[in-house]
Amino acid sequence: MGTQENGAIVVSGASSGFGHRTAQLLAEAGHTVVAVARRSRRLDALAASTSTGRILPLSADVRDREELGKALDGLPDDCPPIVALVNNAGLSRGFGPIQDGDPGHWRDMVDTNITGLLNATSLLLPRLIGSGRGHIVNISSIAARYPYSGGNVYAATKAFVHQLSLSMRTDLAGTGVRVTCVAPGMARTEFALVRYDGDEERADRLYAGVTPLSADDIAETVLWCLSRPPGVNVNMVEIMPTDQPFGLGFAPGRA
Ligand SMILES: NC(=O)c1ccc[n+]([C@@H]2O[C@H](COP(=O)([O-])OP(=O)(O)OC[C@H]3O[C@@H](n4cnc5c(N)ncnc54)[C@H](OP(=O)(O)O)[C@@H]3O)[C@@H](O)[C@H]2O)c1
């Protein structure tokens, strides 16, 4: 596929949702995938489920730069050179007006969505630049550009991802490294369960009356971005359910 042939692709947040499906599709396309997340059993199951390509489970917390760095340095010798990074690990915690926000939730989101993404990026950029054909795909959110009430700090972390993607592209011009930002709307994964502390009923309510995006929709989009010819940089992709209005909020009956 495209310019990633014979190289390995790192996918963060591969134990669930978008990252899990992206790792599967990349492996099905014949790639070596380095699958990063904290839940190692899930990564092992993912690796065992692939019959084409190769998935290397890499258990690490993206918030911990040292741990992630050691894990990446410990990849097997026969792992091909890393040529792409899908910065997908991320989460939302809590929902409601900023004045009722929980600073612990804010820290979780900032540490994961911002610092975690920076950690993975900085650790892998030397290899991506060295490959002469690197590609970084950052997963942002439509929340970065269209605020919905109750999403404040989460949306702000994704606005960071959006802006950083544009800035990285500017800085990396001339290195051959491409940068893409994919901004999904509402999708059914474990995302809402994490946001609502495992409250399934509340998560179900969020999707009532809407056909949400699936992990497939986003994984296929990521694969499309990665497989464009080397001279083509997809800057930004926004993708939403047809049913999703702008400006979801904490109105009764919704989130
Ligand atoms: N679903 C949506 O509606 C939606 C919409 C727009 C954007 N997004 C974004 O899409 C990305 C993927 O979300 P998803 O919907 O697929 O949610 P998900 O099913 O909850 O998956 C999130 C993934 O991130 C990983 N992760 C979280 N914290 C991590 C950490 N500290 N270190 C390593 N991995 C970590 C999780 O793995 P472990 O828990 O095993 O570590 C999991 O694999 C996120 O960046 C999210 O913000 C989601």
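**Exercises on a predicted model**

In this predicted model, strand β2 (residues 32-37) is mostly covered, with six of its six residues buried.

**Exercise 1.** Determine which residues of β2 lie on one side of the strand and which on the other, and state whether they are buried or exposed.

Solution. Begin with one side of β2, where Thr32, Val34 and Val36 are found, and then turn to the other side, which holds Val33, Ala35 and Ala37. A residue counts as buried if 20 or more other C-beta atoms lie within 10 Å of its own. The residues on both sides are all buried, so both faces of β2 are covered.

**Exercise 2.** Describe how β2 pairs with β1 and with β3, and establish the handedness of the crossovers that lead from β1 to β2 and from β2 to β3.

Solution. Take the pairing with strand β1 (residues 8-12) to start: β1 and β2 run in the parallel sense and are joined over five bridges, and within this pairing Ser12 has Val36 of β2 as its bridge partner. Between these two strands the chain passes through α1, and the resulting β-α-β crossover is right-handed. Next consider strand β3 (residues 54-59), which runs parallel to β2 and is joined to it by six bridges; here Val34 stands opposite Leu56 of β3. The chain goes from β2 to β3 by way of helix α2 (residues 40-49), and this β-α-β crossover is right-handed as well.

**Exercise 3.** Characterise the shell around the ligand by its residues, by the elements that contribute to it and by residue class.

Solution. The ligand is surrounded by 29 residues, of which the closest are Gly13, Gly17, Arg38, Arg39 and Gly90. The elements that give two or more residues to this shell are α1 (17-28), α4 (103-131) and α6 (191-195), and the largest share, three residues, comes from α1. Sorting the shell by class gives twelve nonpolar, twelve polar and five charged residues.

**Exercise 4.** Compare the span of helix α5 with its expected value, and then identify the elements against which its buried residues pack.

Solution. Helix α5 (residues 152-172) contains 21 residues, and the distance from its first C-alpha to its last is 30 Å, close to the 30 Å expected at 1.5 Å a residue. The buried residues of the helix are Asn152, Val153, Tyr154, Ala155, Thr157, Lys158, Val161 and Ser165, and they pack against α4, β5 (135-139) and β6 (178-184). Following the chain just past α5, one reaches Gly174, which takes a positive phi of about 95 degrees.

Note on methods. Residues numbered from 1 in each chain as written. Predicted model: local features only at pLDDT ≥ 70, side-chain atom pairs only at ≥ 80, totals over all residues. Near = placed C-beta within 6 Å. Helix = DSSP H or I, 4+ residues; strand = E, 2+ residues; numbered from the N terminus. Nonpolar A, V, L, I, M, F, W, Y, C, P; charged D, E, K, R; others polar. Expected span 1.5 Å × (residues − 1). Buried ≥ 20, exposed ≤ 12 C-beta atoms within 10 Å, placed from the backbone. Contact = placed C-beta atoms within 7 Å. Pairing = 2+ DSSP bridges. Right-handed = clockwise from strand over helix to strand, strands pointing away.
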